[in-house]
Amino acid sequence: MKSIFRHNRLAMTLMSLGFLAACGGGGGVVMPKVISGTVIDGYIEGATVCLDVNSNLICDPGEPSSTTDKNGSYSLSYSGSIDGLLVLAVVPEGAIDSELGEVKQAFDLMSPAENALTVTPITTLVASDMATRKVAVEES
């Protein structure tokens with residue numbers, strides 16, 4: 001009797017594995033990507049950072065966003081492709097620059113989302129060039 005149960009259990013296990021293999025085993029679940037980094041012109045506290053999903057150079061409602069902490073750190077979560085997208089940092093009056101103190105005039109920074117470990121004036125130049133020439137990170 002024990003051997004019948006073992007054979008049935010083995011058959012059920014093999015059938016289950018076959019079903020999982022047939023559907024890819026992943027079930028079509030898309031895992032979110034975490035994009036995190038630091039906004040620096042001196043570390044910027046109080047900047048709004050977003051993933052510009054619709055590429056209009058504005059942090060729109062519904063786009064992944066966060067606010068930088070005292071170390072300029074941010075973290076975003078997104079489930080789609082980030083190829084060709086930008087991370088924007090909107091630095092308002094009153095934000096704190098760790099080197100210069102309170103920001104007196106608002107400004108924006110950006111970085112290609114694929115390489116957004118830091119968002120700085122230099123990455124802003126690179127991202128701006130990419131947007132103007134409509135090229136990928138590797139080509140700029």
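This report walks through a predicted model of one protein chain, from its overall layout to a few single residues.

## The overall layout

Let's start with the whole chain. It holds 2 helices and 10 strands. If you follow the sequence from start to end, the order of elements is α-β-β-β-β-β-β-β-β-β-β-α. In other words, a helix comes at each end of that pattern, with the strands between them.

How much of the chain is buried? Of its 140 residues, 31% are buried. The chain exposes about 8,900 Å², and carbon and sulfur atoms supply 60% of that area. Contacts also tell us how the chain folds back on itself: among those between residues at least 6 apart in sequence, 59% join residues at least 24 apart.

## How the strands pair

One open sheet is made of 3 strands in the order β5-β1-β10, and its pairing is mixed. Its edge strands are β5 (73-78) and β10 (118-119), each of which pairs on one side only. Strand β1 (residues 33-39) runs parallel to β10, and 2 bridges join them. To find this pairing in the structure, look for Val 39, which stands opposite Val 119 in β10.

Now turn to strand β3 (residues 48-51). With strand β4 (residues 65-67) it runs antiparallel, joined by 3 bridges. Strand β3 is also antiparallel to strand β6 (residues 86-91), this time with 4 bridges. Val 49 is a handy residue for seeing both pairings: its bridge partner in β4 is Ser 66, and its bridge partner in β6 is Ala 89.

## The nonpolar cores

Here is a general idea to keep in mind: in soluble globular proteins, nonpolar side chains tend to be buried together. The largest nonpolar core in this model has 19 residues, and those touching the most other members are Ile 35, Val 39, Val 49, Leu 51, Tyr 74, Val 87 and Val 119. Strands β1, β3, β5 and β6 each supply at least two residues of this core, and β6 gives the most, with 3 residues. Apart from this core lies another one, of 5 residues, among them Cys 50, Leu 86, Leu 88 and Ala 127.

Which residues does Val 119 touch? Leaving out residues up to four places away in sequence, Val 119 touches Thr 38, Val 39, Ile 40, Tyr 74, Val 87, Ala 89, Leu 109, Met 110 and Ser 111. So that list includes Val 39, the residue opposite Val 119 in the pairing of β1 with β10.

## A nonpolar patch on the surface

Some nonpolar residues sit on the outside. Ile 122, Leu 125 and Val 126 form a nonpolar patch on the surface, and together they have about 290 Å² of accessible area. Ile 122 belongs to helix α2 (residues 121-133). Is Ile 122 buried or exposed? Ile 122 counts as exposed because its relative accessibility is 58%, and the cut-off for exposed is over 50%.

## Two residues in a loop

Finally, visit the loop between β3 and β4, where you will find Ser 55 and Leu 57. Ser 55 has a positive phi of about 55°, although it is not a glycine. Leu 57 is not a glycine either, and its phi is positive too, at about 60°.

How accessible are they? Ser 55 has a relative accessible area of 49%, so it is partly exposed. Leu 57, at 48% relative accessibility, also counts as partly exposed.

Technical notes
Residues numbered from 1 in each chain as written. Predicted model: local features only at pLDDT ≥ 70, side-chain atom pairs only at ≥ 80, totals over all residues. Heavy atoms only, no water. Patch = residues over 30% accessible without salt bridge, like charges linked within 9 Å, V, L, I, M, F, W, Y side chains within 5 Å. Areas by Shrake-Rupley, 256 points an atom, 1.4 Å probe, with all protein chains shown as cover. Salt bridge = Lys/Arg side-chain N within 4 Å of Asp/Glu carboxyl O. Buried < 20%, exposed > 50% of the residue type's maximum accessible area, 1.4 Å probe, protein only. Pairing = 2+ DSSP bridges. Contact = heavy atoms within 4.5 Å. Core = buried A, V, L, I, M, F, W, Y, C linked by side-chain atoms within 4.5 Å.
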